[in-house]
Amino acid sequence: MAIISIIAFAIITIGAFAFFFVKAKEIYRNIQLGQKEDLTDQPGKRLTNMLLIALGQKKMFRLTIPAILHLFIYVAFLITQIELIEIFIDGFTGQHRLLFHLFRDTLNSGFLTGLYTFTISFIEVLSILALLATFAFLARRNLLKIPRFLKSELNGWPKLDANIILIAEIYLVTCIFMMNGGDVAREIVATGESPYGFLISGNIVGPALSGLSLEVLNVIERIGWWGHIIGVLGFIVYLPYSKHLHIMLAFPNTYFGRLKPRGEISNMPAITKEIKMMMDPNADPYAAPADGAEAAPGKFGAKDIQDLSWKNLLDAYSCTECGRCTDACPANQTGKLLSPRKIMMDTRDRMQEVGKNIKTHGPDFIDNKQLLKDYITVEELRACTTCQACVQECPINIDPLDIIVQLRRALIMEDSNSPEEWNLMFSNIENNAAPWQFSQQDRDKWAKELTQ
Ligand code: SF4
Ligand code: SF4
């Protein structure tokens, strides 16, 4: 029986990790579809950002109560991995609580046995806190009418995805207490007392179950044990399809975040040069380009995901769909179509579509679709005020604005697609070096009139 159990455990464990590895490679390949961008400078500052923002959840605390609830789930997730170590050891060896018996019986170490008991007790307390947070999040998403969870981009799979993970959390916590509580109870039934001093299952769950027969308790404990590990491996398989990929990608995403001051939009060097020449009365517009001068770009802005930077694509995979960006967006607040969260979700959907096309039909396949217009509409792009509130609010430093600006650049500079009012402004800038309909020599005229 034990050998069948070991084989079954090995098959599902290796299968789940192999599947995840294949999917992770696909995700990496999709991110590499983007343009190159060097984001490796100032490694110390990058590391600090990652530790504060991804590990320390610093920006989450702009909304205190959700941040605390999220912290319970996050810390429980991290710490529970310790208990998994023993589950994996037991699974591959066919033993039961091998570490506990090693510490207590073989090494006879009171310290290590106490540390083991403390760790499992800590996991149990965190599991209860995570359970409370999970119920609060379920209510927040499904019962409370919180505007950012009611936007149309969350209809269908995104809402289901969020609920699936919350329900899976309840399932995993139940399995933990079935496993630990069943273990404690069967020791009480078999020997009159339990060797496990776990805080909650040792004092509450185990004693409560100890009225059941040994056979039933064995079944409860096994269901809890297998249920827990199958839940964890199922989560690993599910992760590449879910927004919960952010639990991993938040770390590289914050490390490789752009370090330029907020508010500074990435200019195109060739255009910047043109403007500088226009502003310089001594510039010779017919002068030959200097040696080493940057060549004019082949195209302006971005129309599809291959035109964006790899960091834009990593941003899209990292998005948690929390909607804090959309909540802060003045365009969205005033009823415009734009939602920065949808910009990120569209970018991810299109990237996955392109990745799937490449996998199925080869790298040269053209599906006659693109991110611009087929996913993100002109109306959405025009609504952006470039205020940066979305960038400011994102808990993991995602930059929806950069994608918007690049798409809008292509819309205007490649397709000449802009409203009449903007065209007037553009021609004024071109002719007068100012957005107004008068020459730049007349700029200070209004002040002169005041002093007359
Ligand atoms: S930069 Fe654009 S998308 Fe972002 S919050 Fe401001 S208006 Fe909204
Ligand atoms: S971009 Fe950031 S703030 Fe907006 S939904 Fe994604 S994770 Fe949340």
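How many nonpolar, polar and charged residues does the shell around ligand 2 have? Let's work through that and a few related exercises on this predicted model.

**Exercise 1. Describe the shell around ligand 2 by class, by nearest residues and by helix.**

Solution. Start with the classes: nine residues of the shell are nonpolar, two are polar and four are charged. Next, look at who comes nearest. Among the 15 residues around ligand 2, those are C319, C322, C325, R341 and C394. Finally, turn to the helices. At least two shell residues come from each of α12 (324-328) and α14 (340-361). Of the contributors, α14 gives the most, with three residues.

**Exercise 2. Repeat the analysis for ligand 1 and find how the residues of its shell divide by class.**

Solution. Here the nearest residues are C329, C384, C387, A389 and C390, out of 16 residues around ligand 1. Three helices, α13 (330-333), α17 (389-393) and α18 (400-414), each supply at least two residues of this shell. The largest share belongs to α18, with three residues. By class, the shell around ligand 1 has 13 nonpolar residues, three polar and no charged. Put that beside the four charged residues in the shell around ligand 2.

**Exercise 3. Decide which residues of α2 are buried and where they sit around the helix axis.**

Solution. In α2, which spans residues 43-55, the buried residues include M50, I53 and A54. Because their arc around the axis is only 100°, they lie on the same side of α2. Now turn to the face directed away from that buried side: G44, K45 and L47 are exposed there. As for the cover, α9 (246-255) is one of the elements over the buried residues of α2. One backbone detail rounds this off: just after α2, Q57 has a positive phi of about 60°.

**Exercise 4. Explain why α11 counts as largely enclosed by the rest of the structure.**

Solution. Helix α11 runs over residues 310-318, and eight of its nine residues are buried, so the rest of the structure largely encloses it. Listing them gives K311, N312, L313, L314, D315, A316, Y317 and S318. To see what does the covering, look at α1 (2-31), α9, α14 and α18, which are among the elements over these buried residues.

**Exercise 5. Classify N142 as buried or exposed, and locate it.**

Solution. First place the residue: N142 belongs to helix α5, residues 110-142. Then count: N142 has 12 C-beta neighbours inside 10 Å, and therefore counts as exposed, since the cut-off for exposed is 12 or fewer. For a sense of place, compare N142 with V391: they are 249 residues apart along the chain, and their C-alpha atoms are separated by 27 Å.

**Exercise 6. Give the bounds of the two domains and describe the contact from the side of domain 1.**

Solution. The domain assignment gives domain 1 as 63-255 and domain 2 as 269-280 + 298-439. Their C-alpha centres are 42 Å apart. The contact involves 15 residues of domain 1 and 16 residues of domain 2. On the side of domain 1 that touches domain 2, α9 provides the largest share, six residues. That side divides into eight nonpolar residues, three polar and four charged. You have met α9 before: it is also among the elements covering the buried residues of α2 and those of α11.

Terms used: Residues are numbered from 1 along each chain as its sequence is written. Chains are lettered from A and ligands numbered from 1 in the order in which they are written. This is a predicted model: local features need pLDDT of at least 70, side-chain atom pairs count only at pLDDT 80 or more; totals for chains, interfaces and linings use all residues. Helices (H or I, at least four residues) and strands (E, at least two) are DSSP runs, numbered from the N terminus. A residue is buried if 20 or more other C-beta atoms lie within 10 Å of its own, exposed if 12 or fewer, and partly exposed in between; C-beta atoms are placed from the backbone. A residue is near a molecule or strand if its C-beta atom, placed from the backbone, lies within 6 Å of it. Ala, Val, Leu, Ile, Met, Phe, Trp, Tyr, Cys and Pro count as nonpolar, Asp, Glu, Lys and Arg as charged, and the others, Gly among them, as polar. The arc is that of the directions from the helix axis to the C-beta atoms. Two residues are in contact if their C-beta atoms, placed from the backbone, lie within 7 Å. Domain bounds come from an automatic or database domain assignment.
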